[in-house]
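Good morning, and thank you for joining. I would like to take you through one structure, beginning with the chain as a whole and ending with two individual residues.

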Amino acid sequence: MEETDLTVSVSVRNLVEFILRSGDIDNTKAHTDTDAMQEGARIHRMIQKSMPEGYKAEVPLKTVVILQREDKEGSLALTVEGRADGIYTLNQELTIDEIKSTYLSLEHITEPVPVHLAQAKCYAYIYGLLENLTDIGVQLTYCNIDNEQIKRFNESYKTADLREWFQKVVKEYAKWLFWEADWKEKRNETVKKLEFPFAYRPGQRELVGNVYKTIARGRKLFIEAPTGVGKTVSTVFPAVWSLGEGKASKIFYLTAKTIARTVAEDTFALLGKRGLKFRYVTLTAKEKICILDKPECNPAACPRACGHMDRVNDCVFDLLTHEEEINRDLILQYAEKHRVCPFEMSLDVSLWTDAVICDYNYAFDPEASLKRFFAEDKKNDYIFLIDEAHNLLERAKEMYSAELIKEDFLSVKKAVTGHSKKLEKQMDLCNKALLALKRECDDFQVWDNADDLYERLLRACSAVEDFLDDDHGGFEGKDELLDLFFGMRKFADVYENMDDAYRIYTDYTEKGNFRIKLLCMEPAAKLKKRMDNTKASILFSATLLPMNYYKEQLGGCEDDYAIYAPSPFSVEKRIIMIGRDVSMKYTRRSVEEYLKVASYIEAFVKAKPGNYMVFFSSYKMMEEVLEASPVLQEWCIENKDSLESINKEGTKDKEVDQFLNLFNAKDAKSGFDKNSSHPSEDIKIITQRRDMTEKEKEDFLEMFAEKPSSTLVGFTVMGGVFSEGIDLTGDRLTGAIIVGCGLPMVGNEKELFKFYFDEKSGTGFEYSYLYPGMNKVMQSAGRVIRTVDDVGAVLLLDERFCNRQYTDLFPREWFPYVTVNLSTMKERLKEFYDRQ
């Protein structure tokens, strides 16, 4: 082989699907990408075993093509490789067999899908070249997953013709590769000159070095990094250096919240101001970037969907060759210019960027992961930077679980009546399978299997495919049908892949609908499999405690690294107190306890004018505390209607008045001042609502202004949007009160988790209740101290915080803490503020 400047590898499938795709985006055609489904693998094996003697299955094929540059001197060696499903002699001609499985009725497949045929032609060319053949056959084998019927298409080709066709395909691909090579050369030169953009804080240099070494060694690293350490820049910087040195090819910055994506963007932009040439794209949810009010991804509803595949490559290449920085506005601008879908275009742009900033699901969710990168289950050289990694655990459980609602089948059955007897029958059969389960479920029932329902779902999926492939003018239930179809598909996929880490249960929703759920008890094995196929994974959070728990549950192993980064903040600038005479245990909650909480809140926020947040374990607790205290109600600036609705749901006003009359005699002894008052214009309370819009959330945070002249108190909920991922630096937040331990409500599903982990390791309470609750507590408390200049106070209101079971989970930077009652809290706060 002649010497070249560059070597690149690409799979046959990725090559043809990128260069030869064509046509529309059409969500009304529910053709299944069966190669991504487990049933497809079973069908492949079944067909391969049924073939005649001499049939070779899963034959690895590879060829290297030398491509010359046209604009200047230079060349590259392109390796095209893959596995032929089968090779055998048919009618005295060597034939490449490409097997595709589908839920679609075979009568609707009248010719090979173009990209499927292109795959087979690539394999035919490579094999013909290796064996020096003049002629070779190509066979496309389609098999229906439901009934296992088979349909084949056969063609014969001259290898000379295949060579000419193949050369055109790789030549078109070459322009992309040469562009990418030029960009990486420019990028790498700037990486060599890049310096860390700040003076290192204590422990930060070691953190950066540990991330770099983890990437170089191809391992996983779990980082507990308190607020202010600079987690984002400390992980991004060494990852960028690793790309520049050729240790990896792409960074995936994975987050759970929009605010964290913004922080990542700001970090890359900061490095750009220091001279770094680096392309990154942030993937925005389809609903937020769609040109329509509601995404309707088909040619009839969206003009961009029509012919999108024909135009999108030109659009992406235009953007890449004319813009260095890629942002949402540019995505929209070029999508408009070329008349393509901006969401799908952004996914294609991600193929050619150095970093992709996106939600966890784009990397881990089987239904939403980027097939461009993760469809083929093989090792790659990507770096995963997983921000706020504590959130990944619950998200992963959701990703790998599935559920169906019985009433949805009845609704779709009604919608298709008169349009398709076959589909109507399949919906009825699924409903009957669920009805049989419902008859044995009074409230909650755990099952060993759901085999009967699974078999019926496969047939129903096939019926939906056939229905959607036909023209049904006037059918108004398409959205409802598609939602159920994708739900059935996910349920079937999850069921096929279930292991001992799953439980099946049935119950009833709040609306009374019957539900069956496949519940993923621990996603560690699935997360580990995905991360093991990357170069390295860095998981970091300010609340990754206890470390061994998260390491175990997020797919770590004993050989993986774990570090605790020291906090850069002085303990003199913060005070952490525990109110030892308050209990928010469910059995102890009462008007008396709520009034204690209210008195603590009053005294805490009166100690110093400023901005405060009070985090409650639930909305119900927040509402009941507010209702119990006339003073807090006086301070509340929410509309009266909301308070009236609280009163209807909570304790009656008459009962509160009766208790207050009894409470008068206790005031002097207890130290709690129920009648303490403060002019309403000096202290105001605003409350988080369940149904806040994005604009209302922004307005809520904007009220926490710098240099406040009066006191503002935000009543919020632990685990909600205001309890993590927000930065209220300086005097935008003076202190925080945590009411309760944040333990999840006891419920059937939580008890399933408890029983599962009790059986496995005797850690049911800890894994199901204690650790998730304390994580919410730590996240809420972390809102107070955000920068080295911040000063703040944190009050934990629940006697359980004094127990070792809880204090053992406190992060290092919470020590020392003090236990207080209402009187001593006032003294401690005065001493603390006087020292500042």
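For the charges, Lys and Arg count as positive, while Asp and Glu count as negative. The model is predicted. With that convention, the protein chain holds 115 positive and 140 negative charges, and their mean positions are 3 Å apart.

Let us turn to the overall architecture. The protein chain contains 31 helices and 24 strands. Its radius of gyration is 30 Å, close to the 28 Å that the globule rule gives for 836 residues, so the chain is as compact as a globular protein of that length. The C-alpha trace spans about 105 × 70 × 50 Å along its principal axes. Of the 836 residues, 56% are buried. The exposed area of the chain is about 36,900 Å², and carbon and sulfur atoms supply 47% of it.

I now come to the first residue, Lys231, which lies in helix α6, residues 231-244. Which side chain of opposite charge is nearest to Lys231? That side chain is Glu388, 5.4 Å away; Lys231 is buried yet has no salt bridge. Beyond its neighbours within four places in sequence, Lys231 has contacts that include Phe540, Ser541 and Ala542.

The second residue is His308, found in helix α9, residues 308-322. His308 counts as buried because its relative accessibility is 1%. Setting aside residues up to four places away in sequence, His308 touches Gly23, Asp24 and Ile25, and also Val340, Cys341, Glu344 and Met345.

Thank you for your attention.

Notes:
Residues are numbered from 1 along each chain as its sequence is written. This is a predicted model: local features need pLDDT of at least 70, side-chain atom pairs count only at pLDDT 80 or more; totals for chains, interfaces and linings use all residues. Side-chain values use heavy atoms; hydrogens and water are left out. Helices (H or I, at least four residues) and strands (E, at least two) are DSSP runs, numbered from the N terminus. Buried means under 20% relative accessible area, exposed over 50%, partly exposed in between (1.4 Å probe, protein chains only). A salt bridge is a side-chain nitrogen of Lys or Arg within 4 Å of a carboxyl oxygen of Asp or Glu. Contact means heavy atoms within 4.5 Å. The radius of gyration is taken over C-alpha atoms; the globule rule is 2.2 Å times the number of residues to the power 0.38. Accessible areas come from the Shrake-Rupley method with a 1.4 Å probe; for residues, only the protein chains shown count as cover. The place of a charge is taken as NZ of Lys, CZ of Arg, CG of Asp or CD of Glu.
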